[in-house]
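Trainee: I am new to this structure and would like a close look at a single part of it. Could you pick one spot and walk me outward from there?

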Amino acid sequence: MEIFKVFYQNHKTQRIIREETKSMYVEAENLEQVRKYFGDKEVTLEHIEALTPDHLTYEKEHNEDFEVTKL
């Protein structure tokens, strides 16, 4: 299992506005599983990145709202 950081916006039909970008952390087997999870949601995916162990540690330490959604 890997932890992915997903950058998205809560709409599918509007243009992307950088200030409205949200992020969440998802634990999944692979990138395709993450994309499938978001496939039927009303969001626009901007970027998905797999977190390295160091990056994951940084996110846990510097993000007070850190929470992982398990798929």
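Mentor: Let's start with Thr44, which is buried, with a relative accessible area of 18%. Buried here means under 20% relative accessible area, exposed means over 50%, and partly exposed is in between, using a 1.4 Å probe and protein chains only. Please keep in mind that this is a predicted model, where local features need pLDDT of at least 70 and side-chain atom pairs count only at pLDDT 80 or more, while totals for chains, interfaces and linings use all residues. Residues are numbered from 1 along each chain as its sequence is written, and side-chain values use heavy atoms, with hydrogens and water left out.

Thr44 sits in strand β3, which covers residues 44–50. Strands (E, at least two residues) and helices (H or I, at least four) are DSSP runs, numbered from the N terminus. Leaving aside residues up to four places away in sequence, Thr44 touches Phe7, Tyr8, Gln9, His11, Lys12 and Ile16; a contact means heavy atoms within 4.5 Å. With one of these neighbours, His11, there is a short distance to look at: its backbone oxygen lies 2.4 Å from a polar atom of the Thr44 side chain.

Another neighbour of Thr44, Tyr8, leads us to the rings. Tyr8 forms one aromatic cluster with Tyr37 and Phe38. Rings of Phe, Tyr and Trp (its six-membered ring) pair if their centres lie within 6.5 Å; planes under 30 degrees apart count as stacked, over 60 as edge-to-face and the rest as tilted. Within this cluster, Phe38 is buried, at 5% relative accessible area, while Tyr37 is partly exposed at 28%. Tyr37 also has Lys41 over its face, 4.3 Å from the ring centre; a charge counts as over a ring if NZ of Lys or CZ of Arg is within 6 Å of the ring centre and within 35 degrees of the ring normal.

Across the whole structure, a search finds three aromatic pairs. In one of them, Tyr25 and Phe66 have ring centres 4.6 Å apart and planes at 45 degrees, so the pair is tilted. Tyr25 belongs to strand β2 (residues 22–28) and Phe66 to the loop between α2 (53–62) and β4 (68–70), so this pair ties together parts that are 41 residues apart in sequence. Tyr25 is buried, with a relative accessible area of 3%, whereas Phe66 is partly exposed at 21%.

Stepping back, the protein has two helices and four strands, following the pattern β-β-α-β-α-β along the sequence.

Key
A polar contact is a pair of N or O atoms within 3.5 Å; within protein, one must be able to donate a hydrogen and the other to accept it, and residues adjacent in sequence count only if both atoms are side-chain atoms.
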